[in-house]
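Subject: Handover of a structural model

Dear colleague,

Please find below the model that I am handing over to you, together with its sequence. My notes on it come after the structure.

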Amino acid sequence: MRYRFLGNSGLQVSEICFGVMTFTGKTGWTYLGIQEQKDADRLTSIATDNGVNFFDTADVYSTGISETILGKALGKKRKDVVIATKGEGRMGTGLNDEGHSRQHLIRACNDSLKRLNTDYIDLYQVHAFDFMTPLEEMMMTLDQLVKDGKVRYIGISNFFAWQIMKLMSISEKQNIQKIISLQAYYSLVGRDLEYETIPVCLDQRIGIIVWSPLHGGILSGKYRKGKKWPKGTRLKGEGQHFPYDVEKGEKILLVVDKISKQRNVAMSQIALNYALQKPGITSVIIGARNEKQLLENIRTRSWKLTDVEMKRLDEVSEPPRIYPHWYFDVFKKKRMERYFSILAKQEVKDGA
Ligand SMILES: NC(=O)c1ccc[n+]([C@@H]2O[C@H](COP(=O)([O-])OP(=O)(O)OC[C@H]3O[C@@H](n4cnc5c(N)ncnc54)[C@H](OP(=O)(O)O)[C@@H]3O)[C@@H](O)[C@H]2O)c1
């Protein structure tokens with residue numbers, strides 16, 4: 001396993017983060033599969049035995065069940081790992097049971113600490129932008145959680161790029177903690193993050209942690225155009241997951257399939273390696289229904305894609321050149337490319 005420093009911090013995390021959204025009870029988010037305590041104990045041990053030191057959960061995952069199961073599964077190993085969890089989502093029926101208000105975030109964090117059975121959370125992330133609460137209130141609350149010793153580092157998830165810049169400016173002005181990470185969706189079939197977010201994170205030295213790098217399993221290659229979708233998996237039919245262009249996706253899958261056959265590796269490893277080899281990406285959060293998937297995904301980093309393979313994947317998955325990108329393609333391509341190659345060099349620092 002390889003490790004990297006997370007954003008502009010001294011915290012080292014494994015390139016593979018184990019996402020435990022699948023840790024659930026019979027009453028939780030069972031469409032993902034059912035991983036109760038016994039399964040979670042085994043999967044967590046496999047992860048730590050293979051060098052994974054980074055775990056991601058959230059209060060809303062099966063309304064707290066995922067956090068409780070993770071806390072128990074880690075047990076004594078807790079001090080050796082980095083626990084990332086999230087607050088913001090709705091956790092009750094009350095008016096203030098969601099969002100970034102001081103009222104809700106402090107309670108959400110306290111509840112997560114109890115469920116995880118820990119004195120501190122290594123990385124506390126707000127789960128998504130809250131359109132109603134001033135960003136100053138959110139940042140001052142997160143800063144207070146660090147001062148109170150409840151949280152070591154702060155991060156965000158699912159924000160627009162311009163909001164990230166606002167957060168950085170608030171931290172400068174108020175002389176308070178800065179966010180060190182952004183958790184965001186990014187994959188070979190969804191590279192939207194490259195337009196604005198990756199440049200902003202590189203510029204501001206914010207580490208990017210990728211969620212759903214297999215696009216819910218599509219990049220494992222088991223859902224193909226014109227073929228029957230498998231049973232017993234989380235996706236039940238086309239259009240069930242986040243936006244997916246089947247025509248373009250199939251072209252990408254053909255290239256992924258070809259490389260996987262040439263190299264004799266799983267298609268999922270190609271998708272995970274692709275994300276990890278892109279500038280600005282610190283870690284990918286893998287999801288796994290079972291032991292086989294978990295090990296297959298963890299072993300991703302036992303090899304690397306060559307520059308030629310990266311180029312083939314880049315070309316087939318190129319997102320549309322939306323404005324102002326096409327403007328600079330036409331009028332200032334060389335300057336822009338030079339600038340982005342300089343930015344990319346500020347890439348995440350390797351760890352131990
Ligand atoms: N911040 C956010 O808003 C947000 C949102 C979503 C997720 N997350 C985080 O990201 C983590 C990962 O998300 P995700 O589970 O959606 O990731 P994903 O990598 O897109 O999908 C994982 C799913 O793909 C299938 N799969 C995984 N490895 C496979 C393999 N080697 N071969 C075949 N199928 C495979 C499994 O489902 P099946 O067996 O059912 O096919 C697995 O549950 C979550 O646990 C959570 O921590 C965060």
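The notes below treat the barrel, the core, the ligand surroundings and some local backbone features in turn.

Please bear in mind that this is a predicted model.

The barrel

The fold contains a barrel into which 8 strands close, in the order 3-4-5-6-7-8-9-10, with parallel pairing. From one strand to the next, the twist averages 30 degrees. Helix 3 (residues 102-116) packs on this sheet and touches strand 5 (82-87), strand 6 (121-126) and strand 7 (151-157). The direction of helix 3 makes about 140 degrees with that of strand 5.

Strand 10 deserves a closer look. It runs parallel to strand 3 (residues 16-19), and 3 bridges join the two. Strand 9 is likewise parallel to strand 10 and is joined to it by 3 bridges. V284 of strand 10 has I16 standing opposite, and V210 also stands opposite V284. A further bridge pairs I209 with S283 of strand 10. Is strand 10 enclosed or open to its surroundings? Because 6 of its 6 residues are buried, strand 10 is largely enclosed by the rest of the structure.

The nonpolar core

The largest nonpolar core comprises 85 residues. Within it, the most contacts are made by C17, F55, L70, V210, A271, A275 and V284. The element that gives the most to this core is helix 8 (residues 267-276), with 7 residues. V284 ties several of these parts together: leaving out residues up to four places away in sequence, it touches I16, C17, V210, P213, L272, A275 and L276.

Helix 6 (residues 197-204) also has a buried side. Its buried residues are T197, I198, V200, C201 and L202. The elements against which these buried residues pack are helix 5 (161-174), strand 8 (181-185), strand 9 and helix 12 (333-345). Just after helix 6, R205 adopts a positive phi of about 55 degrees.

The surroundings of the ligand

Which residues come nearest to the ligand? Of the 31 residues around it, these are G19, M21, L214, G217 and G287. Two elements give two or more residues to this shell, namely strand 10 (281-286) and helix 9 (291-298). Helix 9 gives the most, with 3 residues. By character, the shell divides into 10 nonpolar, 16 polar and 5 charged residues. Strand 10 therefore appears in these notes both as a largely enclosed strand and as a contributor to the ligand shell.

Local backbone features

Two residues in loops have a positive phi without being glycine, and their surroundings are worth setting side by side. H215 has a phi of about 50 degrees and lies in the loop between strand 9 (207-211) and helix 7 (246-263). N264 has a phi of about 60 degrees and is found in the loop between helix 7 and helix 8. Are these residues buried or exposed? H215 has 22 other C-beta atoms within 10 Å and is therefore buried. N264 has 6 C-beta neighbours inside 10 Å, so it counts as exposed.

The peptide bond between Y323 and P324 is cis, with omega about 0 degrees. P324 belongs to the loop between helix 10 (307-317) and helix 11 (325-331).

K225 is another residue of the loop between strand 9 and helix 7. It counts as exposed because it has 12 C-beta neighbours inside 10 Å, and a residue is classed as exposed at 12 or fewer. Leaving aside neighbours within four places in sequence, K225 is in contact with V246 and E250. K225 and E250 are 25 residues apart in sequence, whereas their C-alpha atoms are 6.4 Å apart in space.

When you open the model, I would suggest starting from V284, with I16 and V210 standing opposite. From there you may wish to turn to the residues that come nearest to the ligand, including G19 and G287.

With kind regards

How values were computed: Residues are numbered from 1 along each chain as its sequence is written. This is a predicted model: local features need pLDDT of at least 70, side-chain atom pairs count only at pLDDT 80 or more; totals for chains, interfaces and linings use all residues. A nonpolar core is a set of buried Ala, Val, Leu, Ile, Met, Phe, Trp, Tyr and Cys residues joined through C-beta atoms within 7 Å. A residue is buried if 20 or more other C-beta atoms lie within 10 Å of its own, exposed if 12 or fewer, and partly exposed in between; C-beta atoms are placed from the backbone. Helices (H or I, at least four residues) and strands (E, at least two) are DSSP runs, numbered from the N terminus. Two residues are in contact if their C-beta atoms, placed from the backbone, lie within 7 Å. A residue is near a molecule or strand if its C-beta atom, placed from the backbone, lies within 6 Å of it. Ala, Val, Leu, Ile, Met, Phe, Trp, Tyr, Cys and Pro count as nonpolar, Asp, Glu, Lys and Arg as charged, and the others, Gly among them, as polar. Two strands pair if DSSP finds at least two bridges between them. Axes are lines fitted to C-alpha atoms, for helices over the stretch in contact, and angles run from 0 to 180 degrees between N-to-C directions.
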